[in-house]
Amino acid sequence: GFGVVLDFPPPPGTMASPAVSPDSSSHEALSSVNSAPACSPTSDSENLSPDELELLAKLEEQNRLLEADSKSMRSMNGSRRNSGSSLVSSSSASSNLSHLEEDTWILWGRIVNEWDEWRKKKEKLLKELIRKGIPHHFRAIVWQLLCSATDMPVKNQYSELLKMSSPCEKLIRRDIARTYPEHEFFKGQDSLGQEVLFNVMKAYSLVDREVGYCQGSAFIVGLLLMQMPEEEAFCVFVRLMQEYRLRELFKPSMAELGLCIYQFEYMLQEQLPELNIHFRSQSFLTSMYASSWFLTLFLTTFPLPVATRVFDIFMYEGLEIVFRVGMALLQFNQAELVQLDMEGMSQYFQKVIPHQFDSCPDKLILRAFQVKYNPKKMKRLEKEYAAIKNKEMEEQIEIKRLRTENRLLKQRIETLEKVNA
């Protein structure tokens with residue numbers, strides 16, 4: 001019973017193509033992000049070389065400047081300030097950018113070459129660097145490494161799958177034109193983008209018959225295709241579905257989406273009680289605004305440069321980042337939202353929220369990692385939700401049984417009446 005509206009709006013500003021040009025913040029790796037407990041240079045220092053330590057210290061310094069900057073901005077009025085103004089104060093933090101940019105490139109080159117060692121021994125620094133944004137040119141390989149999609153046997157089946165036909169083809173064709181309609185790569189019916197997107201979606205619908213094709217998933221595949229060839233995008237998508245809860249989200253019952261909404265509502269109630277009461281008073285359901293967050297990982301909410309930053313983190317830390325970013329958005333906009341009615345809020349979510357962090361995605365990530373998130377509590381809510389669903393199922397079965405019994409009794413009475421007549 002989640003009023004899920006699955007007609008996804010086209011993502012705002014999808015012109016900025018990561019495929020064609022490095023996204024607008026390709027130095028985004030450097031402007032920086034505070035991780036939940038700020039990762040201090042000592043965290044893994046026994047495994048870090050002096051230049052890694054130096055880079056981490058530089059990143060830490062930028063964290064500090066950015067945090068001070070976002071504190072001073074908090075005192076200004078959240079949504080109505082000119083979004084460009086935030087750049088002025090943070091540009092001081094990025095004056096030594098070119099050096100740092102060069103260092104970051106060299107560093108990511110090393111990370112990719114020594115992947116296993118980084119994954120095992122330098123996990124904290126790796127997490128910190130991913131939160132700061134994977135440099136554009138490294139995304140394709142790093143995403144594949146993060147989800148272990150580099151040597152999957154299913155890759156060899158890909159060309160065979162394309163020769164087969166899928167029952168979902170009509171549906172896929174219909175939706176493809178609506179996926180990133182403004183983006184150069186996907187523009188026009190005969191564009192290369194639409195062709196490869198169709199191929200990957202069709203191939204997936206054949207390897208996973210239960211899910212087949214689900215609306216919304218094309219945005220995720222589209223983003224992968226902006227970074228890498230179709231066979232590789234296919235492998236990464238298969239991994240995301242298997243290992244990142246996405247398959248559960250996209251199953252026809254969408255039970256997992258119900259769970260995510262349930263967990264998110266709990267966080268909302270606990271952390272923003274006033275906003276929660278306002279939403280309820282306006283019958284503004286969580287599923288109305290948050291369903292697309294979970295199903296498209298913010299790819300239909302933010303312009304690509306911002307959404308891709310969230311996706312970087314999702315690739316390493318999973319769905320938790322969707323909860324964090326969602327809560328950060330609500331915290332950031334609470335003062336404005338409580339003054340709006342339902343129609344006003346719908347408009348606000350569509351028009352204002354998507355562009356608040358265009359000039360500085362780091363501020364969004366910074367806010368997201370200040371959100372309280374308790375994995376143990378989430379586990380408990382999952383059990384709670386399963387129990388509620390089971391009870392609902394049992395009640396429905398019981399109602400059906402009573403209805404059947406009722407019908408049989410009626411028939412017997414009618415038969416008896418006929419006999420006695």
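This is a short walk through one predicted model, with selections to make as you go.

**Stop 1: two crossing helices**

Start by selecting residues 192-207, which make up helix H9, and residues 217-227, which make up helix H10. Two packed helices are described by the angle between their axes and the distance between the axes. Here the axes of H9 and H10 come within 10 Å and cross at roughly 120°. H9 and H10 are therefore oblique to each other, and H9 passes H10 in a right-handed crossing.

Now show the side chains where they meet. On the H9 side, pick Val196, Leu197, Val200 and Met201. On the H10 side, pick Ser217, Ala218, Val221, Gly222 and Leu225. What kinds of residue make up the contact of H9 with H10? They divide into 7 nonpolar, 2 polar and no charged.

**Stop 2: Val221**

Stay on H10 and centre the view on Val221. Is Val221 buried or exposed? Its relative accessibility is 0%, so Val221 counts as buried. Leaving aside neighbours within four places in sequence, Val221 is in contact with Leu197, Val200, Met201 and Phe237. Leu197, Val200 and Met201 should look familiar, since H9 uses them in its contact with H10. Next, add Val236: this residue is 15 positions from Val221 in sequence, and their C-alpha atoms are 8.8 Å apart.

**Stop 3: Ile172**

Move to helix H8, residues 169-176, and select Ile172. Ile172 has a relative accessible area of 0%, so this one is buried. Which residues does Ile172 touch, not counting those up to four places away in sequence? They are Phe198, Met201, Lys202, Ser205 and Tyr213. Met201 turns up again here, having also been in contact with Val221. For a distance to check in the viewer, try Ile172 to Asn199: 9.6 Å from C-alpha to C-alpha, with their positions 27 residues apart in sequence.

**Stop 4: aromatic rings**

The structure holds 25 aromatic pairs. One to zoom in on is Tyr180 with Phe219: the ring centres are 5.3 Å apart and the planes sit at 80°, so the pair is edge-to-face. Tyr180 is in the loop between H8 and H9, while Phe219 is in helix H10, so this pair links distant parts of the chain, 39 residues apart. Both Tyr180 and Phe219 are buried.

For the last selection, take Phe264, Phe279, Phe284, Tyr289, Trp293, Phe294, Phe298, Phe302, Phe323, Phe349 and Tyr373 together. Ring pairs link these residues into a cluster.

Conventions: Residues are numbered from 1 along each chain as its sequence is written. This is a predicted model: local features need pLDDT of at least 70, side-chain atom pairs count only at pLDDT 80 or more; totals for chains, interfaces and linings use all residues. Side-chain values use heavy atoms; hydrogens and water are left out. Axes are lines fitted to C-alpha atoms, for helices over the stretch in contact, and angles run from 0 to 180 degrees between N-to-C directions. Helices (H or I, at least four residues) and strands (E, at least two) are DSSP runs, numbered from the N terminus. Angles under 35 degrees count as roughly parallel, over 145 as roughly antiparallel, 65 to 115 as roughly perpendicular and the rest as oblique. A crossing is left-handed if the near helix is turned anticlockwise from the far one by less than a right angle, and right-handed if clockwise. Contact means heavy atoms within 4.5 Å. Ala, Val, Leu, Ile, Met, Phe, Trp, Tyr, Cys and Pro count as nonpolar, Asp, Glu, Lys and Arg as charged, and the others, Gly among them, as polar. Buried means under 20% relative accessible area, exposed over 50%, partly exposed in between (1.4 Å probe, protein chains only). Rings of Phe, Tyr and Trp (its six-membered ring) pair if their centres lie within 6.5 Å; planes under 30 degrees apart count as stacked, over 60 as edge-to-face and the rest as tilted.
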